[in-house]
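User: I would like to go through this model step by step, from the overall fold down to single residues. Please reason through each answer before you give the value or name I ask for.

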Amino acid sequence: MKELFRSNDPVRLSWAQAVLAEDGIQSVVLDTYTSIIEGSIGAIPRRLMVEDRHHARARALVASAERDLA
């Protein structure tokens with residue numbers, strides 16, 4: 001597994017997972033419970049992870065989708 005990005009924004013994480021799923025790329029969010037335990041003050045961002053073999057494609061998909069939103 002390789003980290004795609006870190007964020008404290010659950011909406012961005014969910015959106016990115018949906019973008020990846022549309023292309024058949026599975027992802028997982030790590031550190032969700034750690035973030036909740038620390039009180040959601042933003043000290044511990046959540047990590048969006050994908051398989052190593054999908055990392056380059058996943059990065060390109062998310063970047064392209066973010067440009068389309070702008």
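User: In what order do the elements of the chain run from the N terminus on?

Analyst: This is a predicted model, and the answer rests on the elements assigned along its chain. There are three helices and three strands in the chain. Read from the N terminus on, these elements follow the order β-α-β-α-β-α.

User: What is the order of the strands in the open sheet?

Analyst: Strand S1 (2–7) and strand S3 (46–50) run antiparallel and are joined by five bridges. Strand S2, residues 27–30, is likewise antiparallel to S3, and four bridges join these two. The three strands therefore leave S1 and S2 at the edges, each with a single partner strand and with one side lacking a neighbour in the sheet. The order in this open sheet is S1-S3-S2.

User: By how much are neighbouring strands of this sheet turned against each other on average?

Analyst: The sheet in question has three strands with antiparallel pairing. With direction ignored, its neighbouring strands are turned against each other by an average of 25°.

User: Which residue of S3 is the bridge partner of Phe5?

Analyst: The pairing of S1 with S3 is antiparallel, and one of the partnerships with S3 is that of Ser7 with Arg46. On the other pairing of S3, with S2, Ser27 stands opposite Val50. For Phe5, the bridge partner in S3 is Leu48.

User: Is S3 mostly covered or mostly open, and how many of its residues are buried?

Analyst: Met49 is found in strand S3, and its relative accessibility of 8% means that Met49 counts as buried. For the strand as a whole, the description is that S3 is mostly covered, and the number of buried residues among its five is four.

User: Which residue of S2 has its C-alpha atom 5.3 Å from that of Met49?

Analyst: Leaving aside neighbours within four places in sequence, Met49 is in contact with Met1, Lys2, Glu3, Leu4, Gln26, Ser27, Val28 and Leu30. S2 covers residues 27–30, and one residue from that contact list lies 21 residues from Met49 along the chain, with the two C-alpha atoms separated by 5.3 Å. That residue is Val28.

User: Which residues touch the most other members of the largest nonpolar core?

Analyst: This core has 13 residues, and strand S1, helix H1 (10–22), strand S3 and helix H3 (55–69) each supply at least two of them. One of its members, Phe5, touches Arg12, Leu13, Ala16, Arg46, Arg47, Leu48 and Val62 when residues up to four places away in sequence are not counted. In soluble globular proteins, nonpolar side chains tend to be buried together. The residues that touch the most other members of this core are Leu4, Phe5, Leu20 and Leu48.

User: At what angle do H1 and H3 pack?

Analyst: The axes of H1 and H3 are 10 Å apart, and their crossing is right-handed. The contact is made by Arg12, Trp15, Ala16, Val19 and Leu20 of H1 together with Ala58, Leu61, Val62, Ala65, Glu66 and Leu69 of H3. By class, these comprise nine nonpolar, no polar and two charged residues. The angle at which H1 and H3 pack is about 115°.

User: Is Val19 buried or exposed?

Analyst: Val19 lies in helix H1 and touches Leu61 and Ala65, with residues up to four places away in sequence not counted. The C-alpha atoms of Val19 and Ala65 are separated by 7.6 Å, although these residues are 46 apart along the chain. Because the cut-off for burial is under 20% relative accessible area, the 15% computed for Val19 makes this residue buried.

User: What is the phi of Asp31?

Analyst: Asp31 is found in the loop between S2 and helix H2 (32–37), and at 23% relative accessibility Asp31 counts as partly exposed. Most residues other than glycine have a negative phi. Asp31 is not a glycine, yet its phi is positive, at about 75°.

Technical notes. Residues numbered from 1 in each chain as written. Predicted model: local features only at pLDDT ≥ 70, side-chain atom pairs only at ≥ 80, totals over all residues. Heavy atoms only, no water. Core = buried A, V, L, I, M, F, W, Y, C linked by side-chain atoms within 4.5 Å. Buried < 20%, exposed > 50% of the residue type's maximum accessible area, 1.4 Å probe, protein only. Contact = heavy atoms within 4.5 Å. Pairing = 2+ DSSP bridges. Axes fitted to C-alpha atoms, helices over the stretch in contact; angles between N-to-C directions. Left-handed = near helix turned anticlockwise from the far one by under 90°. Nonpolar A, V, L, I, M, F, W, Y, C, P; charged D, E, K, R; others polar.
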